[in-house]
Amino acid sequence: MVCYISFSIDGRDLMINEDNPDDIKIWKNNKYSKSRWNQIKIITRPDGYKVITITPKLYRLHRINYFAHNQDWNIHDSSPSNQIDHEDIDCTNNNIENLRVVTHQENRFNTKAKGYYWRKKEQKWHARIMVDGKYKHLGYFVLEEDARNAYLTAKEIYHVIPNRK
């Protein structure tokens with residue numbers, strides 16, 4: 001049995017499939033024919049994010065699904081402290097279990113950054129990590145593997161997202 005969650009955004013009534021966030025409908029009032037639920041078209045952007053239009057505004061599907069499940073959350077607050085993160089880094093996986101509220105900095109933690117690069121001047125690998133908008137120097141290394149390990153160790157220390165659920 002398909003279960004839908006009903007909610008409203010900007011005065012528009014919507015419902016989303018609890019198990020499949022790609023199944024989202026909007027209520028259409030029609031004075032010339034029967035009013036009914038219409039499937040909303042989902043567009044996948046080149047960066048992989050799915051978006052829908054609730055006239056006249058464009059919304060990312062992961063924000064819509066998070067709001068449907070947490071209607072006290074402010075979907076219109078786009079401040080750095082109110083971002084929605086995909087825990088598995090897959091922006092096409094919009095299941096509620098994969099979504100969480102994070103700060104902008106926390107959202108950057110799960111990028112696919114390498115954390116190190118070759119410094120020609122020193123002829124060594126330079127490892128660094130971003131903390132509070134600034135790079136923290138982790139050291140220079142002869143072996144690429146050591147630079148990578150330094151970054152991964154620092155990531156476990158500095159890039160921790162507290163469980164807020």
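This passage goes through the confidence, the nonpolar cores and one strand pair of a predicted model.

In this predicted model, local features need pLDDT of at least 70 and side-chain atom pairs count only at pLDDT 80 or more, while totals for chains, interfaces and linings use all residues. Residues are numbered from 1 along each chain as its sequence is written, and side-chain values use heavy atoms, with hydrogens and water left out. The chain averages a pLDDT (the predictor's confidence in each residue, from 0 to 100) of 92, and 98% of the residues score at least 70. Among the elements (DSSP runs numbered from the N terminus: helices, H or I, of at least four residues, and strands, E, of at least two), α1 has the highest mean pLDDT, 98, and helix α2 (residues 104-109) the lowest, 86.

The largest nonpolar core holds 22 residues. Such a core is a set of buried Ala, Val, Leu, Ile, Met, Phe, Trp, Tyr and Cys residues joined through side-chain atoms within 4.5 Å; buried means under 20% relative accessible area, exposed over 50%, and partly exposed in between (1.4 Å probe, protein chains only). Residues with the most contacts inside the core include Phe7, Leu14 and Ile52. At least two core residues come from each of β1 (4-9), β2 (12-17), β3 (24-28), β6 (50-54), α1 (61-69) and β9 (99-102), with α1 giving the most, five. Apart from this core sits another, of six residues, including Trp125 and Phe141.

As for β9, both its faces are covered: Leu99 and Val101 are buried on one side, Arg100 and Val102 on the other. Strand β8 (residues 83-86) pairs with β9 in the antiparallel sense over four bridges (pairing takes at least two DSSP bridges), and Asp85 stands opposite Arg100.
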